[in-house]
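Trainee: I am new to this structure. Please pick one part and take me through it closely.

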Amino acid sequence: MTETDPKDDLHRYLQQAREVMLWKLDGLSEYDLRRPMTPTGTNLLGLVKHLVGCELGYFGATFGRPFGRELPWLADDEPNADMWARADESTAEIVALYRQAWAHADATIGALALDAVGHIPGREPVTLHRVLVHMIAETSRHAGHADIIRELVDGAAGMRRDTGNLPDADAQWWADYRERLERVARESLP
């Protein structure tokens, strides 16, 4: 078995989840990127916008490495301002900001050891290792949300751009499969 660097492994998993977030946006209209798909308003572009703040906060401010500019929505008094895009916030702008947040985070990851200690206001000190694990979980969680939302929007599903990691089946097979699952669910009722 080949030895790998733990920090490189963690960074690779974070990057894979980041890339999933962006490819879930590919080819959709502005409306489909922004429309609320759950009762709590979850939408694709809002998930990306939320992750911008997470990356910059955890890998920036936590380790005394500020981004250098304020995120406009942090000044809003509106709850959940980071979970949706205003009409004057373009998709290109939010995606570019997400990529800038990656670069800023990647500089922190590259510069610090896994045992480097950071500080989140009001919490116990944290290590870069713990922040990396947290952001992998956070980004992967939202990538799962994005996967479901994208499937609801246009039927596109799968783990990565280059592989759907789903059975290779046509629309009729999926319709029959879904109906079978519905039938089993109904049969389970008391």
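Mentor: Here is a close look at helix α3 and its surroundings.

This is a predicted model. Start with how far to trust it. The chain averages a pLDDT of 92, and 97% of the residues score at least 70. Confidence is highest in strand β1, residues 117-118, at 98. It is lowest in helix α6, residues 171-187, at a mean of 89.

Now find α3. It runs over residues 44-59, 16 residues in all. From first C-alpha to last it reaches 23 Å, close to the 22 Å expected at 1.5 Å a residue. Look at the N-terminal end. Asn-43 caps α3 there. A side-chain oxygen of Asn-43 lies 2.7 Å from the backbone nitrogen of Gly-46.

Next, check how covered the helix is. Of the 16 residues in α3, 14 are buried. That leads to the core. The largest nonpolar core has 44 residues. Met-21, Leu-25, Val-52, Phe-59 and Tyr-98 touch the most other members. The elements that give two or more residues to this core are α1, α3, α4 and α5. The largest share, 10 residues, comes from α3. In soluble globular proteins, nonpolar side chains tend to be buried together.

Zoom in on Val-52. Leave aside its neighbours within four places in sequence. Val-52 is then in contact with Leu-71, Trp-73, Ile-94, Leu-97, Tyr-98 and Ala-101. Tyr-98 is also one of the core residues that touch the most other members.

Turn to α1, residues 6-23. This helix has 18 residues and reaches 26 Å, close to the 26 Å expected. Its buried residues pack against α3, α4 (91-111) and α5 (128-154). Among those buried residues are Leu-10, Leu-14, Met-21 and Trp-23. The list also includes Lys-7, Asp-9 and Arg-18.

Take Leu-14, in helix α1. Leu-14 counts as buried because its relative accessible area is 0%, and the cut-off is under 20%. Beyond its neighbours within four places in sequence, Leu-14 is in contact with Glu-55 and Phe-59, as well as Ile-109, Leu-132, Met-135, Ile-136 and Thr-139. Pro-190 is another matter. Leu-14 and Pro-190 are 176 residues apart in sequence and 43 Å apart in space, C-alpha to C-alpha.

Finish in the loop between α3 and α4, where Asn-80 sits. Asn-80 has a positive phi of about 65 degrees although it is not a glycine. Asn-80 is partly exposed, with a relative accessible area of 49%.

Definitions and conventions: Residues numbered from 1 in each chain as written. Predicted model: local features only at pLDDT ≥ 70, side-chain atom pairs only at ≥ 80, totals over all residues. Heavy atoms only, no water. pLDDT = per-residue confidence, 0-100. Helix = DSSP H or I, 4+ residues; strand = E, 2+ residues; numbered from the N terminus. Expected span 1.5 Å × (residues − 1). Buried < 20%, exposed > 50% of the residue type's maximum accessible area, 1.4 Å probe, protein only. Polar contact = N/O pair within 3.5 Å; in protein donor to acceptor, adjacent residues only side chain to side chain. Contact = heavy atoms within 4.5 Å. Core = buried A, V, L, I, M, F, W, Y, C linked by side-chain atoms within 4.5 Å.
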